[in-house]
Amino acid sequence: MRKFLTIICVACCYASATFAQSWPQPKPEAKPGTRWWWLGSAVNQRDLQWNLQEYARAGIGAVEITPIYGVKGNDANNIAYLSPQWMQALQSVQDIARPLGIEVDMNCGTGWPFGGPHISLDQAACRAIIKDTIINGKHQYEVEIGRTKQKVKRAAPGGEGWVVDHFDRNAVAHYLNRFEQAFATSGVPYPHTFFNDSYEVYKADWTPTLFDEFQKRRGYDLRTKLPELLGKVDDGNQTLADYRETLSDMLLENFTQQWVTWAHKHGVKVRNQAHGSPANLLDLYAAVDIPEIEGFGLSEFGIKGLRTDPGKTRKNDSDVSMLKYASSAAHVMGKPFTSSETFTWLTEHFRTSLSQMKPDLDLMFTCGVNHVYFHGSCYTPQNAAWPGWKFYASVDMSPTNSIWRDAPYLMKYIERCQSFLQLGEPDNDFLVYLPVRDMWHQRDNNNTLLMQFDIHSMAKKAPQFIRSILTIDSLGYDCDYISDRQLAKVRIQDGMLVTEGGTRYKALIIPSGTTIDASLQAQINRLNAYVIRGEQAADMAKFAKAEQMKTTYGLRAIRRHTADGWHYFIVNLTPKDIAGDVNLAVPFESATWFNPMNGDIQPAEVHNGQLHIALKSGESRILQTSNQPSTNIATTASGTEEITLQGPWVLSFTDESPRVEGTFKLNKLQTWETLSDSAAVTMGTGVYTTSIKLSAQQAKQHWQIDLGDVRESARVYINNQFVGCAWAVPFILDCGNTLHKGKNEIRIEVTNLPANRIAELDRKGVQWRKFNEINVVDINYKNTTYADWKPVPSGLNTTVKLVR
């Protein structure tokens with residue numbers, strides 16, 4: 001209430017500098033992109049046009065073409081990868097997408113990892129075969145080169161084959177030459193961006209030139225240290241660490257940097273997921289144009305009113321510490337975008353709501369992501385029987401999913417957020433040294449040589465580093481990670497640490513437990529006055545002010561800087577509504593709130609240098625500060641009033657399938673899956689209507705409509721005027737000036753999930769799972785049926801109120 005009264009007071013001061021603020025002009029990259037799976041590459045001009053038009057209409061601004069396996073019984077329509085016909089399809093996409101304002105990206109391969117039919121076995125991923133021979137009672141070890149014989153996963157027709165040896169410079173060059181030839185022969189323009197998925201090359205722990213490269217880089221012959229490498233002789237695992245660092249160097253130079261140089265030669269940017277690789281992730285991310293991290297699973301924030309789905313979700317393996325690798329490299333190196341593979345396996349297929357997406361999206365935003373890609377969307381023919389063509393991983397961001405009806409509001413939310421998150425420069429407080437050599441020194445119980453930094457096992461590989469990052473975060477500071485290579489190029493300028501990319505930081509933190517070797521000690525000595533050892537609050541406070549909104553209320557936020565001041569993205573991912581006054585860590589005189597959910601702009605309440613902040617559980621806002629004096633007038637909160645819409649209600653259906661006949665008269669609100677047999681299995685939109693009478697005095701008040709528990713998103717109309725779409729908790733919309741004295745008509749259009757409809761298809765034995773290879777599996781990658789799913793509640797699940 002206090003916040004509302006503040007708005008009323010300041011509205012009178014229309015000339016306020018803060019009130020005159022406006023949303024930034026969004027770059028094309030502010031719109032979300034999507035991974036676009038082509039099953040069998042069985043595409044045609046008509047359906048390409050339909051798919052792309054649907055994406056553009058919903059607000060998607062980029063498609064990343066990733067061809068995969070095909071549809072059963074459709075082999076005759078498959079198009080071989082990089083064939084003349086495939087290249088013509090790419091040309092068609094570019095021609096269709098251009099006037100729609102859609103950027104066209106392309107996986108630099110099919111499925112993942114890189115490989116294919118032109119990779120011979122002697123260019124394929126390698127493994128070490130170590131022989132132990134006992135001669136005169138002594139062990140003698142030697143290494144022979146084997147091949148992992150891993151093939152491209154989920155390969156498309158024409159993309160099947162061995163995975164390439166990423167450490168072998170010549171093999172990688174040969175791999176890229178296939179693309180060179182395809183584009184040169186066809187004359188088709190190169191795409192905007194080439195993409196590489198997470199590094200999932202398994203057991204590839206060797207390459208033919210490793211001994212020579214090791215000698216050159218580490219200064220001694222690995223052949224003489226094989227007992228140490230294998231842990232047969234204790235050297236503190238130094239040889240093992242040197243071996244792992246050598247692989248890291250070779251992956252960076254022979255794969256990542258070579259790929260980037262090749263792409264840039266053709267005017268193409270590179271977007272890369274480094275996680276999963278046996279290398280210093282920061283160096284790999286730093287080498288590309290757009291580093292990309294990945295969310296994998298659903299975070300359990302306990303947000304008030306957010307629907308849970310027990311047994312149908314998996315824990316998010318990408319916590320705050322993991323999400324910051326890609327953005328750290330982008331910030332340190334001065335790269336404008338950090339991308340994300342977003343919403344992978346939030347829940348089971350057909351059960352993910354827009355509301356469930358928002359918290360994990362907001363978490364990514366606070367960790368530096370500002371260029372979201374959905375995971376993902378399937379090309380599907382327009383006339384294909386429902387549910388159309390599907391890929392097994394969720395989320396399913398496609399026109400055949402019922403959530404597509406209200407997805408444009410999610411897309412607009414992302415665009416608004418990213419318009420600010422792409423604006424200006426990052427303004428994190430500290431650099432944190434990544435002690436990767438300590439990780440490389442670890443030897444597991446299986447004596448595994450290869451160490452891959454995948455998101456699922458980082459808690460085991462870097463527990464102390466993760467604790468350090470979470471401690472810094474809890475103390476109200478933000479940070480970026482830095483590698484040894486990057487640290488060597490940091491300079492001191494005007495009392496700040498400045499990175500190679502020109503980004504400024506207040507100090508360098510050496511995490512607790514870090515081994516200080518000679519090379520790190522040299523950097524500490526060089527930057528000595530700006531080095532903090534450990535994560536003590538008092539030491540950090542000497543360099544930077546903590547953000548009180550984080551320490552007092554547990555809010556998550558990220559801060560960026562422009563020539564005109566600072567702006568924050570702030571989200572309440574806690575179970576509690578919060579309201580109170582806080583100090584900001586940056587100087588300001590006034591501030592403006594931007595609501596990315598609906599585009600509203602309102603001046604912030606500032607009193608005695610403190611900002612009043614009020615966010616319900618799950619809510620997010622953007623705050624822009626100004627050095628102009630505040631004209632806001634502090635007010636005191638008063639009581640609240642509620643009016644419950646008692647009904648009766650009338651429920652009818654639109655755009656539903658299967659069809660639900662007739663209408664339902666409801667004495668009280670309820671969901672619709674129990675009303676009839678057809679309502680129990682339908683997918684679509686239920687339209688709830690009622691009316692309410694207001695007195696003249698009531699009609700003058702400023703009301704919001706609280707929809708309670710919505711399953712799953714709702715558009716609201718009052719007296720036939722569109723109020724807004726409530727697609728995430730809290731499901732509350734501002735009524736604006738739509739209410740008047742007397743009778744007011746209320747219409748709420750609620751769209752449900754496709755879960756009930758797909759379960760009914762399984763109960764009827766409809767063979768909609770018609771995809772080659774892995775088909776559609778559950779969150780644990782097991783073959784599944786949805787026939788035993790109980791009906792998911794659909795519609796309005798509690799009461800609807802007018803509140804003020």
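Asp-494 sits out in the open: its relative accessible area is 65%, over the 50% cut-off, so it counts as exposed. You'll find Asp-494 in the loop between β16 (491–493) and β17 (496–498), with a positive phi near 55° even though the residue isn't a glycine. Keep in mind that this is a predicted model. Below is a quick tour of the chain as a whole, then one pocket, one helix and a handful of residues.

**Backbone oddities**

- Most residues other than glycine have a negative phi, and most peptide bonds are trans.
- Leu-82 goes against the usual sign with a phi of about 65°, and Leu-82 is not a glycine.
- Leu-82 belongs to the loop between β2 (62–68) and α3, and at 10% relative accessibility Leu-82 counts as buried, whereas Asp-494 is exposed.
- The peptide bond joining His-375 and Gly-376 is cis, with omega at about -5°; Gly-376 is part of strand β12.
- Another cis peptide bond links Trp-386 to Pro-387, and here omega is about 15°.

**The chain as a whole**

- The protein chain has 21 helices and 40 strands.
- Its radius of gyration is 28 Å, close to the 28 Å that the globule rule gives for 804 residues, so the chain is as compact as a globular protein of that length.
- Along the principal axes, the C-alpha atoms fill a box of roughly 100 × 70 × 50 Å.
- Of the 804 residues, 61% are buried.
- Among contacts with a separation of 6 or more, 78% are between residues 24 or more positions apart.

**The second largest pocket**

- Rolling a probe the size of a water molecule over the atoms shows where empty space is left.
- The second largest pocket comes out with a volume of about 500 Å³.
- It is lined by 28 residues, and the closest to its centre are Lys-153, Ser-198, Glu-200, Tyr-202 and His-456.
- Three strands, β1 (33–39), β10 (290–296) and β11 (339–344), are the elements that give two or more residues to this lining.
- By type, the lining of this pocket divides into eleven nonpolar, eight polar and nine charged residues.

**Strand β11 and the buried Phe-343**

- Phe-343 is in strand β11, one of the strands that contribute to the pocket lining.
- Its relative accessible area is just 2%, under the 20% cut-off, so Phe-343 is buried.
- Leaving out residues up to four places away in sequence, Phe-343 touches Met-357, Leu-361, Phe-374, His-375, Ser-394 and Val-395. One of these, His-375, is also joined to Gly-376 by a cis peptide bond.
- Phe-343 and Lys-358 are 15 residues apart along the chain, with 9.6 Å between their C-alpha atoms.

**Pro-387 in its loop**

- Pro-387, which follows the cis bond from Trp-386, lies in the loop between β12 (371–378) and α11.
- At 1% relative accessibility, Pro-387 counts as buried.
- Its contacts, not counting residues up to four places away in sequence, are Phe-350, Thr-400, Ile-758, Leu-761 and Trp-768.
- Leu-761 is 374 residues from Pro-387 along the chain, yet their C-alpha atoms are separated by 9.8 Å.

**Helix α11**

- Helix α11 runs over residues 407–421; at 1.5 Å a residue its 15 residues should span 21 Å, and its end C-alpha atoms are 21 Å apart, which agrees.
- The helix is mostly covered, with twelve of the 15 residues buried.
- The buried ones include Tyr-413, Glu-415, Arg-416 and Phe-420.

**Two more buried helix residues**

- Ala-97 is in helix α3 (residues 84–100) and is buried, with a relative accessible area of 0%.
- Not counting residues up to four places away in sequence, Ala-97 touches Leu-52, Ile-102 and Val-104.
- Val-63 is 34 residues from Ala-97 in sequence, and the two are 9.0 Å apart, C-alpha to C-alpha.
- Ser-468 lies in helix α14 (residues 463–474) and is buried too, with a relative accessible area of 1%.
- Pro-511, Ser-512 and Glu-535 are the residues Ser-468 touches, again leaving out those up to four places away in sequence.

Notes
Residues are numbered from 1 along each chain as its sequence is written. This is a predicted model: local features need pLDDT of at least 70, side-chain atom pairs count only at pLDDT 80 or more; totals for chains, interfaces and linings use all residues. Side-chain values use heavy atoms; hydrogens and water are left out. Helices (H or I, at least four residues) and strands (E, at least two) are DSSP runs, numbered from the N terminus. The expected span of a helix is 1.5 Å times one less than its number of residues. Buried means under 20% relative accessible area, exposed over 50%, partly exposed in between (1.4 Å probe, protein chains only). Contact means heavy atoms within 4.5 Å. On a 1 Å grid over the protein atoms alone, a cavity is a set of points where a 1.4 Å probe fits but cannot get out, and a pocket is an open set with protein on both sides within 12 Å along at least five of seven lines; lining residues have an atom within 4 Å of a point. Grid points are joined across faces, edges and corners, and a volume is the space filled by probe spheres set on the points. Ala, Val, Leu, Ile, Met, Phe, Trp, Tyr, Cys and Pro count as nonpolar, Asp, Glu, Lys and Arg as charged, and the others, Gly among them, as polar. The radius of gyration is taken over C-alpha atoms; the globule rule is 2.2 Å times the number of residues to the power 0.38.
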